[in-house]
Amino acid sequence: WSDLGLAALFGALMWELARLVVPPTAPEGMQLPVPRPGPAASRNAVAVGLTAGLAMAAVLLVGPWAMLLLAVPLLLALRMADPALRLSLVAQAVLMALATAGLAWVRATHGQGTAWWIVILVVLSDVLGYFVGRAVGGPKFWPRYSPKKTWSGTVAGWLGALVAGGALIAAGETHAGALVIGPLLVLGGQLGDIAESALKRRARVKDSSQLIPGHGGLMDRFDAMGGALAAALVLGLAGLLPVVGS
C-alpha cells in the first residue's frame with residue numbers, strides 16, 4: 001500500500017510539473033498565483049499524471065527495469081512544454097523519480113528508522129532555516145532564485161543535522177558517518193528547494209498548484225524532501241548511507 005501511495009504521489013507531482021512548464025501566461029516580470037494552462041494543456045497534464053503514476057507503480061512493484069516506462073509521461077510533458085523550460089522539466093522529473101524510488105529503496109534496504117531520519121532532517125532544516133534566517137538575517141544564499149533564504153539559515157540547517165546525528169550516535173542508534181551524511185542530505189534538500197523555486201520563477205508562477213489550500217501545491221511541500229531523498233538514493237547506492245535504528 002505504501003508503494004501504491006508513493007506512485008500516486010509521483011503521479012500528482014508530475015501532473016503539477018506538466019501544468020507548470022506550459023508557455024508562461026504572465027507578462028515578463030510578473031508572477032501569477034498558480035499555472036493557468038488552457039483546456040488542451042490541462043487534459044494533457046492529466047494524461048501525464050496518470051501515466052506517471054502507473055509507470056512508478058510498475059517500478060516499485062515489479063522492478064527497476066520498469067524505469068523505462070517513465071519515458072512515456074516525460075515525452076508527453078515535453079510535447080506541451082515551453083521550449084525554454086524543457087531542460088528544467090527533464091531535470092525536475094528525474095529528481096522527483098529518484099526521490100520517489102529512493103524513499104522506497106531506503107525503507108527496504110536501510111529500514112524505517114533511516115527513512116524517518118531523512119524526513120526529520122528535512123523538517124528540522126526547514127524550521128531552523130526559517131527562524132534563524134529571520135532572526136539573524138545576513139547575506140542571501142541564492143538571491144536570484146530564492147531571495148528569502150539566507151546563509152545563516154542554511155548553515156543552521158547543517159548544524160541541526162550535526163546535532164541530530166550526535167544525539168543518535170550517543171543513543172547508539174547509528175555510527176559516526178551520520179555526522180557527515182546528515183549535512184549532505186540537508187544540502188540536497190536545500191538544493192531541491194532552490195531548483196523548484198528557480199523553475200517557478202522561470203514559469204512566472206508563485207505556487208505549483210492549489211491542491212493544498214493556503215500552502216500551494218505538492219511540489220511546494222515536497223521540493224526539499226525530494227532533493228534529500230534523491231541524495232539519499234545516490235549515497236545509499238554508493239554504500240555511504242548509514243543505517244539509523246534497529
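**Salt bridges and a nonpolar patch**

Trainee: Is Asp193 buried or exposed?

Mentor: The relative accessible area computed for Asp193 is 12%. This is a predicted model, in which local features need pLDDT of at least 70 and side-chain atom pairs count only at pLDDT 80 or more, while totals for chains, interfaces and linings use all residues. Residues are numbered from 1 along each chain as its sequence is written, and side-chain values use heavy atoms, with hydrogens and water left out. Because the limits are under 20% for buried and over 50% for exposed, with partly exposed in between (1.4 Å probe, protein chains only), Asp193 counts as buried.

Trainee: Which residue forms a salt bridge with Asp193, and how far apart are the closest N and O atoms?

Mentor: Side chains of opposite charge can pair when their charged atoms come close. The pair counts as a salt bridge if a side-chain nitrogen of Lys or Arg lies within 4 Å of a carboxyl oxygen of Asp or Glu. For Asp193 the partner is Lys149, and the closest N and O atoms are apart by 2.8 Å.

Trainee: How many residues apart in sequence are the parts that Lys149 and Asp193 tie together?

Mentor: Lys149 is partly exposed, at 27% relative accessibility, whereas Asp193 is buried. Lys149 and Asp193 form a salt bridge. Lys149 belongs to strand β2 and Asp193 to helix α7 (DSSP runs numbered from the N terminus, H or I of at least four residues for helices, E of at least two for strands), so the pair joins parts whose separation in sequence is 44 residues.

Trainee: Which helices does the salt bridge between Asp3 and Arg107 tie together?

Mentor: Asp3 has a relative accessible area of 21% and is partly exposed, and Arg107, at 25%, is partly exposed as well. Their salt bridge has its closest N and O atoms 3.9 Å apart. Asp3 lies within residues 2–20 and Arg107 within residues 86–110, so the pair ties together parts 104 residues apart in sequence, namely helices α1 and α4.

Trainee: Which helices hold Asp220 and Lys200?

Mentor: Both Asp220 and Lys200 are buried, and their side chains form a salt bridge with an N to O distance of 2.8 Å. The parts that this pair ties together are 20 residues apart in sequence, because Asp220 sits in helix α8 and Lys200 in helix α7.

Trainee: Which residue is linked with Lys200 and Asp220 in a network of salt bridges?

Mentor: The structure holds 5 salt bridges, including the one between Asp220 and Lys200. The network that contains Lys200 and Asp220 takes in one further residue, Glu196.

Trainee: Which helix supplies the largest share of the nonpolar patch?

Mentor: Trp151, Val155, Leu159, Leu162, Leu179, Val180 and Leu184 make a nonpolar surface patch of about 560 Å²; patch members have over 30% relative accessible area and no salt bridge, with nonpolar side chains (Val, Leu, Ile, Met, Phe, Trp, Tyr) joined within 5 Å and like charges within 9 Å. At least two residues come from each of α6 (151–170) and α7 (178–203). The largest share, 4 residues, is supplied by α6.

Trainee: What is the relative accessible area of Val180?

Mentor: Val180, one of the residues that make the nonpolar patch, lies in helix α7, the helix that also holds Asp193 and Lys200. Whereas Asp193 is buried, Val180 is exposed, and its relative accessible area is 54%.

Key:
Accessible areas come from the Shrake-Rupley method with a 1.4 Å probe; for residues, only the protein chains shown count as cover.
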